[in-house]
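The following note sets out several points for a colleague who is reviewing this model. Each point is kept to a short paragraph.

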Amino acid sequence: KWCCPPDRRVQSSRLGPSPPRLLTEEEYRLQGEVETIKALEELRSFCRSPDFSAWTAVSRIQSPKRFAEFVGGASHVTPNEVSVHEREFGLDSLFIDEQLFEEDEEEEEEMGNSDSFSG
């Protein structure tokens with residue numbers, strides 16, 4: 001009782017639970033990597049289990065050899081896919097997106113100014 005005055009406890013219970021803390025970008029990225037690795041391992045494990053119909057899966061996929069390599073522990077993406085992803089979503093694409101958004105904002109400002117002179 002000496003560490004928490006009674007009026008303090010009543011006040012905090014009236015406010016309700018505090019909102020959850022949001023993740024930083026680094027925490028979000030790390031959590032995504034950890035969860036992806038865990039999910040890929042669960043998928044590999046299921047594909048090795050007796051409950052999995054390998055022949056059915058292999059007959060429906062485009063690249064059975066790549067699938068077999070994945071189940072054996074190989075990466076789920078090729079180096080080419082990584083390269084394409086980096087070009088589309090990496091730092092270079094962020095710079096290009098920023099430039100495009102800046103151009104859109106400038107065009108909107110110019111159109112807004114022309115509207116105010118036409119009336």
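1. Buried means under 20% relative accessible area, exposed over 50%, and partly exposed in between. On that scale Glu-33, at 37% relative accessibility, counts as partly exposed. The model is a predicted one, and the classes used below rest on these cut-offs.

2. Overall architecture. The protein chain contains six helices and zero strands, and its pattern along the sequence reads α-α-α-α-α-α. Of its 119 residues, 8% count as buried.

3. Helix α2. This helix covers residues 25–48, a run of 24 residues. From the first C-alpha to the last it reaches 35 Å, close to the 34 Å expected at 1.5 Å a residue. The buried residues of α2 are Leu-40, Arg-44 and Cys-47. What covers these buried residues includes α4, residues 64–71.

4. Salt bridges at Arg-29. How many salt bridges does the model hold? The count comes to seven. One of them joins Arg-29 to Glu-26, with the closest N and O atoms 2.4 Å apart. Both residues lie in α2, three residues apart, which is about one turn of the helix. A salt bridge also connects the side chains of Glu-33 and Arg-29, at 2.2 Å from N to O. Here the two partners are four residues apart in α2, again about one helical turn. Glu-26, Arg-29 and Glu-33 are thus linked in a network of salt bridges.

5. Geometry behind the pairing. An α-helix has 3.6 residues a turn, so residues three or four places apart point the same way. Side chains of opposite charge can pair when their charged atoms come close. As for solvent exposure, Arg-29 has a relative accessible area of 39% and is partly exposed. Glu-26, at 47% relative accessibility, likewise counts as partly exposed.

6. The Lys-38 and Glu-35 pair. The side chains of Lys-38 and Glu-35 meet in a salt bridge with an N to O distance of 3.5 Å. Both residues belong to α2 and are three residues apart, about one turn of the helix. Lys-38 is partly exposed because its relative accessible area, 46%, falls between the 20% and 50% limits. Glu-35 is also partly exposed, with a relative accessible area of 37%.

7. The largest pocket. The volume of the largest pocket is about 270 Å³. Which helix gives the most to its lining? That helix is α2, with six residues. The lining residues are Arg-29, Gly-32, Glu-33, Thr-36, Ile-37, Leu-40, His-76, Val-77 and His-85. By class, the lining has three nonpolar, four polar and two charged residues. Arg-29 and Glu-33, both in the lining, are also the partners of the 2.2 Å salt bridge. Leu-40, another lining residue, is one of the buried residues of α2.

8. Gly-72 and the loop after α4. Gly-72 is found in the loop between α4 and α5, the latter being residues 79–89. Is Gly-72 buried or exposed? At 66% relative accessibility, Gly-72 counts as exposed, because this value is over 50%. The C-alpha atoms of Gly-72 and Cys-47 are separated by 9.8 Å, although the two residues are 25 residues apart along the chain. Cys-47, by contrast with the exposed Gly-72, is among the buried residues of α2.

Conventions: Residues are numbered from 1 along each chain as its sequence is written. This is a predicted model: local features need pLDDT of at least 70, side-chain atom pairs count only at pLDDT 80 or more; totals for chains, interfaces and linings use all residues. Side-chain values use heavy atoms; hydrogens and water are left out. Helices (H or I, at least four residues) and strands (E, at least two) are DSSP runs, numbered from the N terminus. The expected span of a helix is 1.5 Å times one less than its number of residues. Buried means under 20% relative accessible area, exposed over 50%, partly exposed in between (1.4 Å probe, protein chains only). Contact means heavy atoms within 4.5 Å. A salt bridge is a side-chain nitrogen of Lys or Arg within 4 Å of a carboxyl oxygen of Asp or Glu. On a 1 Å grid over the protein atoms alone, a cavity is a set of points where a 1.4 Å probe fits but cannot get out, and a pocket is an open set with protein on both sides within 12 Å along at least five of seven lines; lining residues have an atom within 4 Å of a point. Grid points are joined across faces, edges and corners, and a volume is the space filled by probe spheres set on the points. Ala, Val, Leu, Ile, Met, Phe, Trp, Tyr, Cys and Pro count as nonpolar, Asp, Glu, Lys and Arg as charged, and the others, Gly among them, as polar.
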